[in-house]
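Student: Could we go through this model together and test each label against its definition?
Tutor: Gladly; here it is.

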Amino acid sequence: MSRAGGGNDIQWCFSQVKGAVDDDVAEADIISTVEFNHSGELLATGDKGGRVVIFQQEQENKTQSHSRGEYNVYSTFQSHEPEFDYLKSLEIEEKINKIRWLPQKNAAQFLLSTNDKTIKLWKISERDKRPEGYNLKEEDGRYRDPTTVTTLRVPVFRPMDLMVEASPRRIFANAHTYHINSISINSDYETYLSADDLRINLWHLEITDRSFNIVDIKPANMEELTEVITAAEFHPNSCSTFVYSSSKGTIRLCDMRASALCDRHSKLFEEPEDPSNRSFFSEIISSISDVKFSHSGRYMMTRDYLSVKIWDLNMENRPVETYQVLGENHFECCWNGSDSIVMTGSYNNFFRMFDRNSKRDITLEASRENNKPRTVLKPRKVCASGKRKKDEISVDSLDFNKKILHTAWHPKENIIAVATTNNLYIFQDKMN
Amino acid sequence: MLGKGGKRKFDEHEDGLEGKVVSPTDGPSKVSYTLQRQTIFNISLMKLYNHRPLTEPSLQKTVLINNMLRRIQEELKQEGSLRPMFVAASQPADPLSDSFREAQPAFSHLASPPLLPTDFVSTMPLESCLTPASLLEDDTFCTSPAVQHEGPTKPPPPALQAVKDSFSSALDEIEELCPAPTSAEAVAAESAADDSKAQPSESNIHKPEGLPESRTAEPKLMDPLPGNFEITASTGFLTDLTLDDILFADIDTSMYDFDPCTSATGAASKMAPVSADELLKTLAPYSSQPVTPNQPFKMDLTELDHIMEVLVGS
């Protein structure tokens with residue numbers, strides 16, 4: 001492939017990489033989720049050790065007009081700790097499964113983070129001033145002897161080094177028997193849903209001691225269980241609409257106005273199986289690992305083992321676009337800001353982008369070998385074994401342990417964050 | 001391609017890797033469809049139980065593997081490869097229940113409170129009001145027994161225990177047999193599993209002659225897995241079969257020469273050339289590379305295991 005394809009010929013350049021350099025990966029450092037906030041200024045990552053790291057984009061620098069601001073660490077905090085379920089004698093992992101940002105309403109930022117069982121609302125606020133000149137306290141905090149006070153003064157605020165504080169404001173616990181795989185904030189910005197393998201619950205952001213069950217696919221007899229929920233998301237514009245995907249390759253769209261318990265879907269999206277492709281693994285292959293609405297709300301994207309599919313919400317019987325990509329059960333996918341390009345991760349630290357307009361696709365690699373800023377990434381090509389051309393990679397040499405499970409696209413600009421096992425890569429398009 | 005193809009006559013006494021054409025479109029294959037199926041069955045069982053005992057197993061993974069096992073079981077049923085005597089022998093486990101109740105106090109924690117909350121939830125007018133999530137009680141208690149068990153006993157239902165013990169004991173035998181099961185051990189395992197069917201009152205508590213070490217492994221195996229247990233043991237898919245039918249019936253066990261412990265750790269980060277290629281061929285039929293009839297369709301145990309690992313992410 002001589003030209004970079006995909007995305008109106010965006011030329012992707014390496015921008016930054018975060019994380020340890022060595023190959024010896026501590027398990028706690030494995031990145032488990034990546035999410036830009038609504039403005040794109042903040043980028044949050046969660047890891048297996050229960051930590052959240054937030055990066056902030058530098059303000060655009062006049063002298064560096066050739067690139068957008070870099071992302072630097074803004075805040076780090078321990079969101080979840082490991083717990084022990086005494087009833088079942090099982091550990092509850094502290095791994096952060098999902099992070100979702102709330103839109104900014106005041107000076108502070110809010111995000112939801114969740115592990116398998118508990119969702120937390122975190123407030124991230126800045127402090128860059130502090131009061132000085134107390135009457136009863138010394139500057140170092142010691143109390144003064146009141147008898148030595150001869151004059152009074154009014155404390156004033158003086159600037160200090162920026163401090164970013166994260167504090168848990170709400171803890172939403174004890175509502176999920178199974179492992180939470182998704183959280184999604186409603187467009188009303190007051191409620192959100194959380195989904196585990198068999199149930200979806202609706203919460204109000206202000207209320208922690210109660211949530212309402214809106215989907216329950218648990219059969220009365222667990223022997224009959226053949227299908228689980230794999231992902232769920234609220235519609236970006238319609239506050240009563242949400243979708244959830246299943247391990248059998250179906251997506252159900254539900255309207256909360258129809259019934260309190262949305263066990264009956266309003267729409268069922270399923271592509272009929274090609275009987276000639278049936279194999280032992282058919283069902284596993286069709287299991288959907290991620291579902292995401294487009295920003296417009298007109299389309300949704302699903303990721304299964306072998307493909308990324310774009311569905312028109314008005315057509316249930318088949319997707320409108322299908323892009324082939326090799327993947328696995330837990331790969332995520334994402335849209336760019338204008339819904340014209342979709343991106344997903346693959347093996348060997350490759351990630352792929354599909355331009356829906358030009359129908360071109362591109363495969364790129366996240367590796368430290370390309371880490372000169374403003375170097376345009378070279379497209380990679382995977383070929384079947386035995387037919388390898390120069391610069392191509394044979395499918396046999398793919399490292400199936402190097403997966404890019406989590407990718408995120410800046411909501412407004414061509415900046416992407418791609419997480420390998422324990423490193424976060426940031427790429428941006430080449431600005432001239 | 002692992003497609004089902006047309007119905008073939010299954011020769012139970014055929015062993016080894018003699019080529020059987022899977023379907024006319026697949027070209028010559030070296031491995032019989034049935035052998036692949038059995039291999040996948042074994043691997044699935046391994047995957048089901050081969051995980052960190054400290055954390056709850058992934059329900060999604062369990063369900064996917066269970067579905068695969070069920071499908072294989074259905075196929076086997078349809079092909080009539082079951083030995084009739086074993087179908088009858090594994091009927092509801094009432095006679096076994098007493099012994100299991102005493103023998104398995106470890107499962108007392110699965111004792112349920114009265115099932116009223118479930119009933120309560122199900123009779124509420126769901127259409128009209130939201131169900132607080134707090135009413136969805138803990139699910140380990142919700143399994144309805146395959147056999148109604150009267151008396152003031154604590155669930156887990158006896159059918160669960162009977163099924164669990166019969167196939168979990170066989171599972172232990174598999175685990176004990178790895179890394180290198182031999183035919184002798186396979187025969188011993190088969191007889192031990194037969195023993196467990198024939199003498200239900202004592203087999204799962206006392207050690208059969210053949211494999212003394214397997215019984216001690218059993219409580220270890222099942223205790224940390226109550227969640228998983230509920231799903232897999234209660235599927236009932238193994239009540240009609242004994243594992244011996246599928247695993248050890250006249251199959252060349254030299255195939256099973258792999259160590260699931262190392263495979264679970266993903267030791268092989270790169271697949272053998274043929275397997276990766278076959279993976280794509282079997283799973284990506286849209287690829288432009290046609291299946292060349294010349295290439296032998298070699299699918300050995302490690303390759304299938306790797307495919308399962310990649311697919312189910314264990």
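**Strands, contacts and cores**

Tutor: In β11(A), Pro168(A) is the bridge partner of Trp122(A). The model is predicted, so local features need pLDDT of at least 70 and side-chain atom pairs pLDDT 80 or more, while totals for chains, interfaces and linings use all residues. Residues count from 1 along each chain as written, chains are lettered from A and ligands numbered from 1 in written order, and side-chain values use heavy atoms, without hydrogens and water.

Student: What makes β10(A) and β11(A) a pair?
Tutor: Two strands (E runs in DSSP of at least two residues; helices are H or I runs of at least four, and both are numbered from the N terminus) pair if DSSP finds at least two bridges between them. β10(A) (residues 119-132) and β11(A) (residues 156-172) have 13 bridges and run antiparallel, so they pair.

Student: How do you know that β9(A) pairs with β10(A)?
Tutor: Six bridges join these antiparallel strands, so the definition is met. A hairpin of four residues links them, and Thr114(A) stands opposite Ile119(A).

Student: Why is the link between the side chains of Glu35(A) and Arg100(A) called a polar contact?
Tutor: The term needs N or O atoms within 3.5 Å, within protein one able to donate a hydrogen and the other to accept it; residues adjacent in sequence count only through side-chain atoms on both sides. At 3.0 Å, this pair is within the limit, so the name fits. Glu35(A) is in strand β2 (residues 31-36) of chain A.
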